[in-house]
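Reader: I would like a close look at one strand and its surroundings. Please start there and then work outward to the rest of the fold.

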Amino acid sequence: PFEVLVIGGGPAGAAAAIYTARKGFSTGIAAERFGGQLNDTLGIENLPGTPYTEGPKLAADLQRHVGEYEIDTINLARAVELVPATKEGGLHQVRLANGATLKARSLILSTGARWRNLGVPGEAEYRNKGVAYCPHCDGPLFKGKRIAVIGGGNSGVEAAIDLAKIVGHVTLVEFDEKLRADEVLQAKLRSMPNVEIVTSGQTTEITGNNGKVDGMIVKNRKSGEERRIELEGVFVQIGLVPNTEWLAESGLELSKHGEIVTDEEGRTNLPGIFGAGDVTTVPYKQIVVAMGEGSKAGLSAFDYLIRTEPV
Ligand code: FAD
């Protein structure tokens with residue numbers, strides 16, 4: 001068994017493991033995809049001390065940093081069940097999709113989050129046939145074409161700005177009466193010649209022909225009028241869902257949004273089990289926040305281990 005087992009290999013998990021390994025604890029990381037959301041991110045300009053980097057490069061840097069220590073990294077490992085220790089100081093168990101069970105005296109859960117689905121007809125049917133979630137991955141596939149971005153928060157507006165440079169035309173659709181993105185991003189978007197912004201717009205259907213997206217239906221929430229927009233791609237950017245389905249039966253406290261409830265030290269309601277990053281109730285889902293929270297969870301695990309007798 002490990003002294004510390006980290007589930008999730010994004011910025012939060014990597015930071016946590018570096019901290020506990022540096023305390024001399026045997027540390028493991030089990031992750032479905034090391035790097036997490038960084039793999040889907042292009043430019044990163046808000047990591048203090050690093051004026052510019054790119055997601056895959058930061059993921060590789062984190063992997064290299066983790067590799068400086070004796071951290072047992074288990075990649076392509078999906079956790080499917082948590083069985084907490086029955087006594088304080090006891091071993092927690094995490095069952096993986098491949099049937100293996102990992103054990104550890106303390107756990108740091110940092111399984112992050114993923115993009116939310118629209119849930120309208122056509123979305124699932126045309127996924128990867130015009131319906132996309134990762135502009136950095138799929139943007140180039142729509143070079144010169146007409147696309148829509150659903151969602152007027154920071155991620156939607158960023159995606160629209162990014163895509164407008166590659167594609168022919170972007171329609172940005174926001175459900176609310178106004179965009180919610182930072183003003184600087186909105187100004188940038190408005191300055192782009194090939195962008196139309198639709199507010200109070202509810203996407204009701206994504207349509208297709210010959211197995212490919214050919215349009216979508218947007219209802220004006222004020223007038224009730226429906227409009228068909230002809231296009232070849234739809235990027236859905238309407239928020240993140242925490243990756244906590246596997247914790248549903250564990251006894252771990254989750255918020256109404258499914259996030260792991262943590263206190264200011266990263267503790268959950270279960271002794272020896274900590275949470276960090278986008279998967280928790282901590283606000284502001286950002287890389288630097290995830291790294292900070294991972295470091296805190298690592299130090300809290302250290303604190304727990306030195307004060308608790310193994311049973
Ligand atoms: P994640 O990065 O989501 O990592 C979660 C980890 O857990 C992954 O390794 C995943 O494979 C693993 N995992 C999930 N479920 C399981 C399971 N059941 N079992 C095992 N492993 C599992 N933030 C910024 O600060 N600046 C930016 O410019 C920026 N741009 C972004 C652009 C995009 C397109 C996206 C998607 C995000 C962006 N973010 C940005 C947000 C940032 O990427 C996240 O806040 C950050 O990655 C969160 O880190 P995390 O470690 O909590 O979770």
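Author: What follows starts with one strand, then takes up the cores, the ligand shell, two open sheets and one loop residue. The model is predicted.

Start with strand E2, residues 27–31. Is E2 enclosed or open to the outside? Five of its five residues are buried, so E2 is largely enclosed by the rest of the structure. The cut-off for buried is 20 or more other C-beta atoms within 10 Å of a residue's own. In a regular strand, side chains point alternately to one face of the sheet and the other. Both faces of E2 are covered. Thr-27, Ile-29 and Ala-31 are buried on one side. Gly-28 and Ala-30 are buried on the other.

Which strand pairs with E2? Strand E1 does, in the parallel sense, over four bridges. E1 covers residues 2–7. One bridge sets Val-6 against Ile-29 of E2. Leu-5 also reaches E2: its contacts beyond four places in sequence include Gly-28 and Ala-30. Val-94, Leu-102, Ala-104 and Leu-107 are further contacts of Leu-5.

That leads into the largest nonpolar core, which has 49 residues. Leu-5 and Ala-30 are among the members that touch the most others. Ala-16, Ala-17, Leu-107 and Ile-108 belong to that group too. E1 and E2 each give two or more residues to this core. So do helix H1, helix H2 (55–67), strand E6 (79–83), strand E8 (101–109), strand E19 (273–275) and helix H6. The largest share, eight residues, comes from H1. A second core is separate and has 32 residues. Val-131, Ala-148, Val-157 and Leu-189 are among them.

E2 has a place at the ligand as well. The ligand is surrounded by 36 residues. Gly-8, Gly-10, Gly-36, Gly-112 and Gly-277 are the closest. Three elements give two or more residues to this shell: H1 (11–22), E2 and H6 (287–307). By class, the shell holds 16 nonpolar, 14 polar and six charged residues.

Now the two open sheets. One has five strands in the order E10-E17-E11-E12-E13, with parallel pairing. Its edges are strand E10 (131–132) and strand E13 (195–198). Each has a single partner strand, so one side of each lacks a neighbour in the sheet. Within the sheet, strand E11 (residues 146–150) and strand E17 (residues 233–236) pair over four bridges. Ile-147 has Gly-233 of E17 as its bridge partner.

The other open sheet has three strands, ordered E14-E15-E16, and its pairing is antiparallel. Strand E14 (201–209) and strand E16 (226–230) are the edge strands, each pairing on one side only. From one strand to the next, the twist averages 25 degrees. Eight bridges join E14 to strand E15 (residues 212–220). Gly-208 stands opposite Val-213 in E15.

Last, a loop residue. Thr-268 sits in the loop between strand E18 (240–242) and E19. Is Thr-268 buried or exposed? Thr-268 is buried, with 25 other C-beta atoms within 10 Å. Its contacts more than four places away in sequence include Ile-273, Phe-274 and Gly-275. Leu-252, Glu-253, Ile-260, Val-261 and Thr-262 also touch Thr-268. Asp-138 lies 37 Å from Thr-268, C-alpha to C-alpha, and 130 residues away in sequence.

Terms used. Residues numbered from 1 in each chain as written. Predicted model: local features only at pLDDT ≥ 70, side-chain atom pairs only at ≥ 80, totals over all residues. Pairing = 2+ DSSP bridges. Axes fitted to C-alpha atoms, helices over the stretch in contact; angles between N-to-C directions. Near = placed C-beta within 6 Å. Nonpolar A, V, L, I, M, F, W, Y, C, P; charged D, E, K, R; others polar. Core = buried A, V, L, I, M, F, W, Y, C linked by C-beta atoms within 7 Å. Buried ≥ 20, exposed ≤ 12 C-beta atoms within 10 Å, placed from the backbone. Contact = placed C-beta atoms within 7 Å.
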